[in-house]
Amino acid sequence: MDVRIIPDLLRHARDVHHKVDAFLVKRGGRWTSVSIETFDAEVRAAAMALRARGVKRGDRIVILSENRIEWAIADLAILSLGAVNVPLYPTLPAVQIQPLLADCGAVGAFVSTEAQRAKIEESRAAAPTLQWLQCFDTDGTAGPKTGSHASTTPLAPPASFKSRSPPAT
């Protein structure tokens, strides 16, 4: 396999190694294995959901999250479409996030928790291009349900973002 871009590494790992414990995720105080096949399926599902949302090559998507498997899923889904991941440190206060959102021109954002969502909401006025916001803890990831995390409607924007969401096609 010709590995040219980062998402190719995931496909290579899936095709060559078939690891049943590619990731260990702690949920409810217990460590759970996530296979490379499951992880790849979640990345592909997330990429399809982003594409359905209208994300295209060159679009910028913010990730404001601590280190967790959903971060990696979102990152690889973004990169798979040729879009650009704009990672923000989760320790930044909203006042420091605001100019970053204003400058990057992101069309969407993934956040880990409701506390991180609040930071984006507080900075929303500075981000006129921001159309949707997805919280891993409450909205799930765009991928299928695997038992490692809950999922609702993929990339469902909160009520405050509905007016800014593109019309359904």
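F110 and F136 are both buried in this predicted model. F110 is a good residue to follow through the structure, since the core, the sheet and a ring cluster can each be described from there. In that cluster, ring pairs join F110, W132 and F136.

**How buried are they?**
- F110 has a relative accessibility of 2%, which is under the 20% cut-off, so F110 counts as buried.
- W132 comes out at 0% relative accessible area, so W132 is buried too.

**The aromatic cluster**
- The count of aromatic pairs comes to 3.
- Take F110 and W132: the ring centres sit 5.3 Å apart with the planes at 75 degrees, and because that angle is over 60 degrees, the pair is edge-to-face.
- This pair links distant parts of the chain, with F110 in strand β5 and W132 in strand β6, 22 residues apart.
- F110 also pairs with F136, this time stacked, at 5.7 Å centre to centre and 20 degrees between the planes.
- Since F110 belongs to strand β5 and F136 to helix α6 (residues 136-139), the stacked pair ties together parts that are 26 residues apart in sequence.

**Strand β5 and its partners**
- Strand β5 covers residues 108-111, and both of its faces are covered.
- G108 and F110 are on one side of the strand, A109 and V111 are on the other, and all four are buried.
- In a regular strand, side chains alternate between the two faces of the sheet.
- β5 pairs with β3 in the parallel sense, over 4 bridges, and in that pairing F110 of β5 is the bridge partner of I63.
- β5 also pairs with strand β6 (residues 132-135), again parallel and over 4 bridges; here F110 stands opposite Q134.
- To get from β5 to β6, the chain goes through helix α5 (residues 114-122), making a right-handed β-α-β crossover.

**The nonpolar cores**
- The largest nonpolar core has 24 residues, and F110 is among those with the most contacts inside it, along with F39, L50, V55, I61 and I78.
- The elements giving two or more residues to this core are α2 (36-53), β3 (60-64) and α3 (69-80).
- A second, separate core has 16 residues, including V62, V86, L88 and I120.
- What does I61 touch, apart from its neighbours within four places in sequence? Its contacts are V55, I78, V84, N85, V86, V107, G108, A109, F110 and W132.

Notes: Residues are numbered from 1 along each chain as its sequence is written. This is a predicted model: local features need pLDDT of at least 70, side-chain atom pairs count only at pLDDT 80 or more; totals for chains, interfaces and linings use all residues. Side-chain values use heavy atoms; hydrogens and water are left out. A nonpolar core is a set of buried Ala, Val, Leu, Ile, Met, Phe, Trp, Tyr and Cys residues joined through side-chain atoms within 4.5 Å. Buried means under 20% relative accessible area, exposed over 50%, partly exposed in between (1.4 Å probe, protein chains only). Contact means heavy atoms within 4.5 Å. Two strands pair if DSSP finds at least two bridges between them. A crossover is right-handed if, with the strands pointing away from the viewer, the path from the first strand over the helix to the second runs clockwise. Rings of Phe, Tyr and Trp (its six-membered ring) pair if their centres lie within 6.5 Å; planes under 30 degrees apart count as stacked, over 60 as edge-to-face and the rest as tilted.
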